[in-house]
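Reader: Hi! I'm new to reading protein models, and I'd like a close look at just one part of this one. Could you walk me through it slowly?

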Amino acid sequence: PSPMLVTPLPTFAYPDSTPDMSPLPSSGDLPDAPSFTVAAHDSSAASKARADYVCDGIRDEEEINAALYALPWNGRVVLTEGRFNCCGVISPKSGSVLCGQGEEKTALEFTHNGRIQVGSEYVVREDLAVSGTGYRGSERWLGVNNIPAGHVVVRHVIGTCDSTINAVFNVLSDDSGGYNTIIEDIEFTNCRAVDCGGFGFI
């Protein structure tokens, strides 16, 4: 048989204007970074009063995404204590930090195919609890935390899921979102998957 021809993968070059985000910061490393605060529907009155966005407990991903999309590079969205009910996708943009108050205080509860979809590079998520239930269709093969891009940090996140989704943490090599390059530089620090109906990490 004829030898197989292997086409080399294209190299990916960042534009010169892209700021250096390596190593990726934590929320505590950016005291002067622009930030927006999003309060849960069940957070304290004081937290709601200080927040830039206040959720009502229905499709809370809308307020979180609005805050993320309003950020400049190196900005952060801070979630207050409480439960955020999400039935859609949270999509952090490149150069952003999404942080809570700790895994025992801030919870993202996903249903109806909701998840965190990190399709952009240089994203940090930390100090959260996440859960996912009730998935249908092709989303069943994804993760509650789905990562189809490189240069991503996940710190101090605990998660769980039922048997309707593949995993809690899922690093997925998939060019359908337009990433089209090698996934590398993924950091998980102090992350746990507990009582899962699917896998913990894939």
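Which residues of the largest nonpolar core touch the most other members?

Author: Happy to! One thing to keep in mind from the start: this is a predicted model. The residues you're after are Ile64, Leu79, Phe84, Ile90 and Leu108, in a core that has 31 residues.

Where do the core residues come from? Helix H2 (61–69) supplies at least two of them, and so does each of the strands S3 (75–79), S4 (82–86), S7 (106–111), S9 (123–133), S10 (143–147), S11 (152–161) and S12. The largest share is from S11, with four residues. Apart from this core there's another one, made of five residues, and Val78, Val97, Val124 and Val153 are among them. As a bit of background, nonpolar side chains in soluble globular proteins tend to be buried together.

Now zoom in on Phe84. Skipping residues up to four places away in sequence, Phe84 touches Val38, Ala39, Ala40, Cys55, Asp60, Ile64, Leu79, Thr106, Ala107, Leu108 and Glu109. Look for Ile64, Leu79 and Leu108 in that list: those three also belong to the group that touches the most other core members.

Next, follow the strands around the core. S4 and S7 pair in the parallel sense, over five bridges, and Cys86 has Phe110 in S7 as its bridge partner. S7 also pairs with S9, again parallel and over five bridges. Here Leu108 has Val130 in S9 as its bridge partner, and Leu108 is one of the residues we started with. Strands of a sheet pair through backbone hydrogen bonds, either parallel or antiparallel.

You can trace a similar path through S3. Strand S1 (residues 35–39) runs parallel to S3, and four bridges join them; Phe36 has Val77 in S3 as its bridge partner. S1 pairs in the parallel sense with strand S2 (residues 53–54) too, over two bridges, and there Ala39 stands opposite Val54. You've met Ala39 already, as one of the residues that Phe84 touches.

S10 and S12, which both supply core residues, are also part of an open sheet of five strands. The order is S5-S8-S10-S12-S15, with parallel pairing. Strand S5 (89–90) and strand S15 (199–201) are the edge strands, each pairing on one side only. S12 (residues 167–171) and S15 run parallel and are joined by two bridges, with Phe169 having Phe201 in S15 as its bridge partner.

Two loop residues are worth a stop as well. Asn113 is found in the loop between S7 and strand S8 (115–117). Asn113 counts as buried because its relative accessible area is 16%, and the cut-off for buried is under 20%. The side chain of Asn113 reaches the backbone nitrogen of Arg136 at 2.8 Å. Not counting residues up to four places away in sequence, Asn113 touches Cys87, Val89, Gly134, Tyr135, Arg136 and Glu139.

Lys93 sits in the loop between S5 and strand S6 (96–99). Lys93 has a relative accessible area of 25%, so it counts as partly exposed. Leaving aside neighbours within four places in sequence, Lys93 is in contact with Leu68, Tyr69, Ala70, Leu71, Ser120 and Val123. A polar atom of the Lys93 side chain lies 2.3 Å from the backbone oxygen of Leu71. As for Leu68, 25 residues apart from Lys93 along the chain, the C-alpha atoms of the two are separated by 6.8 Å.

Let's zoom back out. The chain has two helices and 15 strands, and 45% of its 202 residues count as buried. Of the contacts with a separation of 6 or more, 71% join residues 24 or more positions apart. About 10000 Å² of the chain is exposed, with carbon and sulfur atoms supplying 53% of that.

Finally, how far can you trust the picture? The chain has a mean pLDDT of 86, with 82% of its residues at 70 or more. Over residues 1–22, though, the pLDDT is below 50, and this stretch has twelve contacts in the model beyond near neighbours in sequence. Where pLDDT is low, the predicted coordinates should not be read in detail.

Conventions:
Residues are numbered from 1 along each chain as its sequence is written. This is a predicted model: local features need pLDDT of at least 70, side-chain atom pairs count only at pLDDT 80 or more; totals for chains, interfaces and linings use all residues. Side-chain values use heavy atoms; hydrogens and water are left out. Two strands pair if DSSP finds at least two bridges between them. pLDDT is the predictor's confidence in each residue, from 0 to 100. Contact means heavy atoms within 4.5 Å. A nonpolar core is a set of buried Ala, Val, Leu, Ile, Met, Phe, Trp, Tyr and Cys residues joined through side-chain atoms within 4.5 Å. Buried means under 20% relative accessible area, exposed over 50%, partly exposed in between (1.4 Å probe, protein chains only). A polar contact is a pair of N or O atoms within 3.5 Å; within protein, one must be able to donate a hydrogen and the other to accept it, and residues adjacent in sequence count only if both atoms are side-chain atoms. Accessible areas come from the Shrake-Rupley method with a 1.4 Å probe; for residues, only the protein chains shown count as cover.
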